[in-house]
Amino acid sequence: MRNLVDSFVGRSLSRRDFVQSLAAIGVSASGIAATVRSAEAVTTGSLGVGREITGTGGELMVEQMKAAGVRYMFTNPGSFEVGLFDAFLDQPMQLIMGLHEGVVISMADGYNKVTGEPAFVNVHVIAGTAQSAGQMYNSSRDGSALVVTAGLLDNERGDDDVLLGARPGFDQKEVNRQFTKISWECHDPAGLPTMLRRAFKVAATAPGGPVYLAVPDHVLEEQNVRGTVFPREAFMIPDEIPPNPDDVDHVARLLLEARAPVLLLGDEVSRAGAQAEVFELAELLQIPVADQGLPAFHNFPRQDPLFMGRHSSTGKDLVVYAGATDTSTGSDPSDATVVCIGLNTAAMGTTRPFDLAIVANVKLTLRALIDSVKS
């Protein structure tokens, strides 16, 4: 037992071989699980300190997935992703299979909306990539953080006219580039951990959205690859950014002095868990509330007398966008004061000018506004 643990901690024994060796010497299933957890805790290392891993490209990918906090892999699998699925066996993560890539993306999108965690997806080469595009469009519009990976038959390595590969002269990553924040390919197995970390960071950083990473089968299956894996705290950017207190007091005065204000809500409200703050602020000042655009979430009680439904700022002298996008129909009155609150700077001032933009966490900003108004 001691020799097995030493070999696993010393990286000379893979996780799968460690599990199989423990079973071979008669360790029970619960004992194996406890031993593996303890040994993995030793190998995790300190925050910001990477772990050197040697294995196949797929094994490096799986180790970085675990370090990023992945619990589920949503997939419609294919044979060219075998290097990933081989490495996924006996791991503390669950595979959830759908029978079509559109369904798989929808499941992952729902997981992100409910949990707030980036969802991990794997689809099958060029055909699966194309079939997932419709739902990736929806995820892109909703700002859902999805890390979408795919197998890849490399048409720039050997024959350029391969079955289930991009057509000659084209590449796979272009198929859904317009529905992603970044879309690229990995042709170096040692770079897989780095590229996967970038994928999680980009997908989850406001404004959230899908990213796409295609990996050739030979990269996933290459042996004896060395790479460095980091814990999620070392690359995931926190979004608990507080507002400038002077800006908060200024908006509080605007709210108190406005004759006809309106709160326009977007999905950053729900993603930040700020529904209670919106409700408290609206009730406190009896401000009408409206949806802006076509939200994915119900950010305010639909039956509340203050709820106006879709965007309407007609006759208003103060318009406060709380986590809202800048793409709905209609326009704000030319003499209205416009305030934008949120982390999505791309949604501020794109089609309408503003008087003040507070780039901060919506929940923290609304809580500070409530406190300022009460003071």
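In the predicted model, C186 is a buried residue, with a relative accessibility of 0%. C340 has a relative accessible area of 7% and is therefore also classed as buried, given that the class extends to values under 20%. With a sulfur–sulfur cut-off of 2.5 Å, the number of disulfides is 0.

Six strands form an open sheet, in which pairing is parallel and the strand order is 3-2-4-5-7-6. The edges of this sheet are occupied by strand 3 (94-97) and strand 6 (183-185); each has a single partner strand, so one side of each remains without a neighbour in the sheet. On average, neighbouring strands are turned by 25° against each other, direction ignored. Within this arrangement, strand 2 (residues 72-75) is paired with strand 4 (residues 119-123) in the parallel sense, through 3 bridges. F74 has V121 of strand 4 as its bridge partner.

A parallel pairing also joins strand 12 (residues 337-342) to strand 13, here over 4 bridges. Across this pairing, I341 lies opposite I358 of strand 13. In a regular strand, side chains alternate between the two faces of the sheet. Strand 13 (residues 356-359) shows such an alternation: L356 and I358 are directed to one face and are buried, whereas A357 and V359 are directed to the other and are not buried. I358 thus combines a buried side chain with a position opposite I341.

Conventions
Residues numbered from 1 in each chain as written. Predicted model: local features only at pLDDT ≥ 70, side-chain atom pairs only at ≥ 80, totals over all residues. Heavy atoms only, no water. Buried < 20%, exposed > 50% of the residue type's maximum accessible area, 1.4 Å probe, protein only. Helix = DSSP H or I, 4+ residues; strand = E, 2+ residues; numbered from the N terminus. Pairing = 2+ DSSP bridges. Axes fitted to C-alpha atoms, helices over the stretch in contact; angles between N-to-C directions.
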